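Hi,

Here is the structure I said I'd pass along. Have a look first, and my notes follow underneath.

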Amino acid sequence: MGLDDKIGNAAEKLGGKGKEAAGNATGDESLKAEGQTDQAKSDIKQAGEHVKDAFKKD
């Protein structure tokens, strides 16, 4: 996993957490769901990077 990928995934996850928190604070279910989606996408990307890293080690 490249450093750029790690930073990008972390930023996307952090942004998603912020959106979710803002949605909770304002009662905006759409914003909350968007934040949760961003976090899930980040997790999936990170898992994919881990798989690529595992194959590179062999």
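**Salt bridges and helix α2**

Asp-38 and Lys-41 sit 3 residues apart in helix α2, about one turn of the helix. Before going on, bear in mind that this is a predicted model. The two form a salt bridge, with their closest N and O atoms 4.0 Å apart. Asp-38 is buried, at a relative accessible area of 12%, while Lys-41 is partly exposed at 41%. Salt bridges with shared partners join Lys-19, Glu-34, Asp-38 and Lys-41 into one network.

Within that network, Glu-34 pairs with Lys-19, the closest N and O atoms being 2.7 Å apart. That salt bridge links distant parts of the chain, since Glu-34 is in helix α2 and Lys-19 in helix α1, 15 residues apart. Both count as partly exposed, Glu-34 at 37% relative accessibility and Lys-19 at 26%.

Another one to look at is Lys-45 with Glu-12, where the closest N and O atoms are 3.1 Å apart. Lys-45 lies in α2 and Glu-12 in α1, so this pair ties together parts 33 residues apart in sequence. The total comes to 6 salt bridges.

As for α2 itself, its 29 residues should span 42 Å at 1.5 Å a residue, and the end C-alpha atoms are indeed 42 Å apart. Its buried residues, among them Gly-35, Gln-39 and Ser-42, pack against α1. At the start of α2, a side-chain oxygen of Asp-28 reaches to within 3.1 Å of the backbone nitrogen of Ser-30. Ser-30 is exposed, with a relative accessible area of 53%.

Cheers

Technical notes. Residues are numbered from 1 along each chain as its sequence is written. This is a predicted model: local features need pLDDT of at least 70, side-chain atom pairs count only at pLDDT 80 or more; totals for chains, interfaces and linings use all residues. Side-chain values use heavy atoms; hydrogens and water are left out. Buried means under 20% relative accessible area, exposed over 50%, partly exposed in between (1.4 Å probe, protein chains only). Helices (H or I, at least four residues) and strands (E, at least two) are DSSP runs, numbered from the N terminus. The expected span of a helix is 1.5 Å times one less than its number of residues. Contact means heavy atoms within 4.5 Å. A polar contact is a pair of N or O atoms within 3.5 Å; within protein, one must be able to donate a hydrogen and the other to accept it, and residues adjacent in sequence count only if both atoms are side-chain atoms. A salt bridge is a side-chain nitrogen of Lys or Arg within 4 Å of a carboxyl oxygen of Asp or Glu.
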